[in-house]
Amino acid sequence: MEIFSSGRKQKHNKTKYQLLLISSLKKEIESALKISLEDLADEIRVIGFSCMHCGKCCRRVFGDNRVILIPKEIEKIREFTGLTKPQIAGPFIPEIVQLKKLKEDKNITKGFFEAPEEKGVSFSTELLELTRENIDVDGNIHAFGWMLRRNSNLDCIFFEKHENKCLIYSVRPMLCKTYPFFIEELKLHTCECEGIGYQISLDDSRKLAENLLWRYVSELEDMLAMYKKFVNFKKDEKGLEIAKKKLISSTCTYVVHDSTGNNKFIDY
């Protein structure tokens, strides 16, 4: 993988839809900052949670385990591991794309530090058709945000399966730290998890509530910054054909939109 441009500033006019999204995000951030930490902690205590250390949330075999990352989380992991940004994160893409890869790839890799370098996302011509709305006139595939990379079996690259251990536990993303809880539209929600329903201490519920609020606000602020910097891209049928030709040579060119701007790189 090779990143060859990032964060380029451009002047552009916003569409009415983009302006509406920006206004909506600003209002949600204002409301999110008013959420009571104590009330949230109380909700968590009522639901209850205790991590079973089963590692199921890190493995695709137990469900969608994509982990969305914001740029500052990627940087934190990069400093801890010494890995490059493209080794840590890839474009946030539809789950169907990587499920197709899992079905076709029978080789199950080991953990990231033991495995050969991963080739990243594997597209097929049919899957390019499914993402055609996000392909520009130059054949670049546009994505909105980053996700933690996964091995060819779609387990997290930092999951040590023999001991059910996270290799970056001290700097793990906030999504992992707050799982199975998340906040959406100002309300607390839970994902499927075997640890739900177990007693949780007052201190642990409060710490979890603090992390949840930090994650919620940080993700909203990052999304707001992304929409403010987002530049519309042109689309036509030629772009899809160009992307297909690139695929024949085993390359995909991505443009990932995030709070830093547009990040363009080639995935081999």
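User: Is Glu 133 buried or exposed?
Analyst: In this predicted model, Glu 133 is exposed, because its relative accessible area is 54% and the cut-off for exposed is over 50%.

User: Which side chain does Glu 133 meet in a salt bridge?
Analyst: The partner is Lys 235, with 3.3 Å from N to O. Glu 133 sits in the loop between H6 and S4, whereas Lys 235 sits in the loop between helix H8 (202–229) and H9, so the salt bridge ties together parts that are 102 residues apart in sequence.

User: And how accessible is Lys 235?
Analyst: Lys 235 has a relative accessibility of 44% and counts as partly exposed.

User: What about Arg 132, which residue forms a salt bridge with that one?
Analyst: Glu 237 does, and the closest N and O atoms are 2.6 Å apart. This pair links distant parts of the chain, 105 residues apart: Arg 132 belongs to the loop between helix H6 (125–130) and strand S4 (141–144), and Glu 237 belongs to helix H9 (residues 237–248). Arg 132 is partly exposed, at 31% relative accessible area.

User: Staying with H9, where do Lys 244 and Glu 241 lie?
Analyst: Both residues are in helix H9, 3 residues apart, which is about one turn of the helix. Their side chains form a salt bridge, at 3.7 Å from N to O.

User: Which of those two counts as buried, and which as partly exposed?
Analyst: Lys 244 counts as buried, at 16% relative accessibility, because the cut-off for buried is under 20%. Glu 241, at 40%, counts as partly exposed.

User: Which residues are joined with Lys 244 and Glu 241 into one network?
Analyst: The network also takes in Glu 129, Arg 132 and Glu 237, joined through salt bridges that share partners.

User: How many salt bridges does the count come to?
Analyst: The count comes to 14 salt bridges. Among them are Glu 237 with Arg 132 and Glu 133 with Lys 235.

User: Changing topic: how many helices and strands are there?
Analyst: The chain has 9 helices and 11 strands.

User: What share of the residues is buried?
Analyst: Of the 268 residues in the chain, 44% are buried.

User: And what does the accessible surface come to?
Analyst: The accessible surface of the chain is about 15100 Å², and 53% of this area belongs to carbon and sulfur atoms.

User: Last one, on contacts: what percentage join residues at least 24 apart?
Analyst: The figure is 82%, taken among contacts in the chain between residues at least 6 apart in sequence.

Methods
Residues are numbered from 1 along each chain as its sequence is written. This is a predicted model: local features need pLDDT of at least 70, side-chain atom pairs count only at pLDDT 80 or more; totals for chains, interfaces and linings use all residues. Side-chain values use heavy atoms; hydrogens and water are left out. A salt bridge is a side-chain nitrogen of Lys or Arg within 4 Å of a carboxyl oxygen of Asp or Glu. Helices (H or I, at least four residues) and strands (E, at least two) are DSSP runs, numbered from the N terminus. Buried means under 20% relative accessible area, exposed over 50%, partly exposed in between (1.4 Å probe, protein chains only). Contact means heavy atoms within 4.5 Å. Accessible areas come from the Shrake-Rupley method with a 1.4 Å probe; for residues, only the protein chains shown count as cover.
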